[in-house]
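Thanks for coming. I have one structure to show today, and I will keep to what can be computed from its atoms or read from its record.

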Amino acid sequence: MERKYPHLCQPITLGNVTFRNRMFASPIGATDIDKDCVPGERTRAFYELRAKGGAAAVTMSELVVHPETDGSHMLHLDLATVGSLAAFTFTADAIKRHGAVPSVEFSHSGQYAGTYMADKDKKQGLTQYGPSDGVRPDGRKVTALTKEQIADIVKRYGETAILAKRAGFEMIMVHGGHTWLLNQFMSPFFNHRTDEYGGSFENRMRFTIEVLQEVRKAVGPMFPIEFRMSGSELFEGGYDLEEGVRIAQAVEEYVDLIHVSAGSYQFGFFKTHPSMFSEHGVNVYLAEEIKKHVKKPVATIGALNDPEQMEEIIASGKADVVYMGRALLADPYLPQKVVSGNDDKIVKCLRCFTCMAERPTTQTRRCTVNPLIGREIEGTEVLPAAVKKKVLVVGGGVAGLKAAVTAALRGHRVVLCEKSDKVGGILKCEQAIDFKQEMYQLGLSLEAQAKEAGVEIRCNTEVTPEYAEKENADVMILAVGSNPIVPPLKGIDGDNVVIVNNYYLEKEKVGDSVVVLGGGLAGCEAAIHLAQEGKKVHLVEMRPELAPDANIRHRPILMQMVEKYVEAHTGYQGLEVTSEGVICKDPEGKEVLVPGKSVICAVGQRANRAAVDQLRDCAPVVREIGDCVRPSNITSAIYMGYHAGLDA
């Protein structure tokens, strides 16, 4: 058959291994790691799902090669720990049996040991090793590695490579980017040594070259080795793209694939992991330039999830391989959908950082749009129900749609009623905000899935007790959502006021100067969007901080964007809306006018409990999900909807 994306679907051979396409699953840290740093069953299932979804390579991450100098609680592989080799073998087997190539990332955090520890106080007890004595930007002391320690680390890379190959891994990725240890030695910003491991470019590369030589010696001449690097550190004082080219040229003799990422952990997390405020493929230019100067294949990465864009990258010669991380959490079957021509059914990553925030918070994984992530061992298939039922879903927002899709896949007859003229719930609001288009598209995708699964969707239909009784459903799932909170302020009902949920319907009412009333996540994002349109925006929040409801990864970039575009006022209590703005009480208790011809009200949501109370006894089994339980987020709505559908 003729492939819609022929370059993306074309196999590639590295060393003596052929990969089935050009879509690789990037290294993402394991989910359950025991006290001995051995991967558990959840970790195996976590990686297996991406192999099952069609990725050509799936990389297990991060395997710490030298725990003595890298105290991070990440994966270890050794013969001394009972079960270690077996656990890695089972994981490699699980990846291979679906036709993907199992790869493993070798890592050393260097002076960033302990990054992923949930108990941050324990990092105080770790010795942070790096190329040079010094102090990290956050104040932690760094101790220079001795030459004896360097030699032992190099040796351990080789020993670990032998074990990884024995376990069944068919490629090894050596992590030399993102300001991890090898990058620290390569970087003139971090490396101030005066011996043979510092100073000149050749000396700064010495440690990395020794590591690659040792790994090659351990695995043999045709075993694929991949080197992950930052094409540029992207901060003042770090190396630039020109030096990134030199690094790639220096390592290409020893590797089969040069994986070009970007940025650094300390200074550029959001350049390494582009946020919703960045363009997709923002870092591709780094791989494109490096590819011009090396003969070995080059891989690129960075918020890639659009098949057309990825096809163009390969077809135009910007890179030979595209890596995806978050995109394959959102939809593990993305590669399979691309190969089979069903790319219109891809569920896009929202770049909301839920997945990355969960790891340091709970040491697990979770995805906003995919309830299976981190829980794959519990089952990845929706199994048919033994007894088919009639299921009535009330509400066509995120939770209701997900519940309807899941119940229909179980074989139930599902009717979904939505009182407005379109399904999608709050996601409909996101169509007006450029950087949240994937959220709007999520609603469209869920609607398409529902129709494909056979859900009968009835819009403009409000479910009353009489209506529910007439439908006579076996199970009723209440997903009636929430309503925007409108504070009882004088003037709040004026023509110059727009409720944030209705902004997409009333954009023309918003003038060139705006006060956004409410500094939670929704208010901050609305303020940023309006400011990016060229409007003068003031953000008013009565609490002392903005967006406490944002996750720990998304909030820092959100605050950077607010600082860049918006004038924020915290500790301000709104008193009255006028034609000139909002009169507020400032932190000193004085009345001040925050100016703006238009006002966006974004003070929060309140659960629609009245509708729940009216319908709770209208079917033998009634389940409440989503914002009508408690206003939360898309992650919660998807998770609750999925499991309500399974339970139906």
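I will go through the empty spaces, then one helix, then some backbone details, and end with a record entry and an arginine.

First, the ground rules. This is a predicted model, so local features need pLDDT of at least 70 and side-chain atom pairs count only at pLDDT 80 or more, while totals for chains, interfaces and linings use all residues. Residues are numbered from 1 along each chain as its sequence is written, and side-chain values use heavy atoms, with hydrogens and water left out.

Now the empty spaces. Rolling a probe the size of a water molecule over the atoms shows where empty space is left. On a 1 Å grid over the protein atoms alone, a cavity is a set of points where a 1.4 Å probe fits but cannot get out. A pocket is an open set with protein on both sides within 12 Å along at least five of seven lines, and lining residues have an atom within 4 Å of a point. Grid points are joined across faces, edges and corners, and a volume is the space filled by probe spheres set on the points.

How many cavities of 30 Å³ or more are there? The count is three. The largest cavity has a volume of about 620 Å³. Its lining has 37 residues, and those closest to the centre are Pro27, Ile28, Arg228, His273 and Met356. Helices and strands here are DSSP runs numbered from the N terminus: H or I and at least four residues for a helix, E and at least two for a strand. The elements that each supply at least two lining residues are β3 (23–29), β4 (57–64), α7 (269–272), β13 (321–324), α10 (326–330) and α12 (354–362). Strand β3 gives the most, with four residues. For classes, Ala, Val, Leu, Ile, Met, Phe, Trp, Tyr, Cys and Pro count as nonpolar, Asp, Glu, Lys and Arg as charged, and the others, Gly among them, as polar. On that basis the lining of the largest cavity has 16 nonpolar, 13 polar and eight charged residues.

The second largest cavity holds about 90 Å³. Its lining includes Cys349, Cys352, Cys355 and Cys367, along with Arg326 and Arg351. Helix α10 makes the largest contribution, three residues. By class, the lining has nine nonpolar, one polar and two charged residues.

Next, a pocket. The second largest pocket has about 920 Å³ of space. It is lined by 32 residues, and Asp331, Tyr333, Lys337, Leu409 and Gln449 lie nearest its centre. Helix α14 (437–453) is among the elements supplying at least two of them, and α14 gives the most, with seven. The lining divides into 17 nonpolar, eight polar and seven charged residues.

On to helix α16, residues 521–532. The expected span of a helix is 1.5 Å times one less than its number of residues. For the twelve residues of α16 that comes to 16 Å, and the end C-alpha atoms are 17 Å apart, which agrees. Is α16 mostly covered or mostly open? It is mostly covered, with nine of its twelve residues buried; buried means under 20% relative accessible area, exposed over 50%, and partly exposed in between (1.4 Å probe, protein chains only). The buried ones include Cys524, Glu525 and His529. Contact means heavy atoms within 4.5 Å, and what covers them includes β20 (513–517), β21 (536–541), α17 (554–565) and β26 (598–601). Just after α16, Gly534 takes a positive phi of about 100°.

Some backbone details. Ser61 and Glu62 are joined by a cis peptide bond, with omega about -25°, and Glu62 is in strand β4. Two residues that are not glycines have positive phi: Asn472, at about 55°, and Ala547, at about 45°. Asn472 sits in the loop between α15 (465–471) and β17 (475–478) and is exposed, at 59% relative accessible area. Ala547 lies in the loop between β21 and α17 and is buried, at 0%.

From the record: an unreviewed UniProt entry lists residues 389–613 as "domain: FAD/NAD(P)-binding". UniProt positions are given in the numbering used here, feature names are shortened, and annotations may be inferred rather than shown by experiment. The span is 29% helix and 27% strand.

Last, Arg204, in helix α5 (residues 201–219). Arg204 is buried, with a relative accessible area of 8%. Its contacts, not counting residues up to four places away in sequence, include Phe185, Tyr197 and Glu243.
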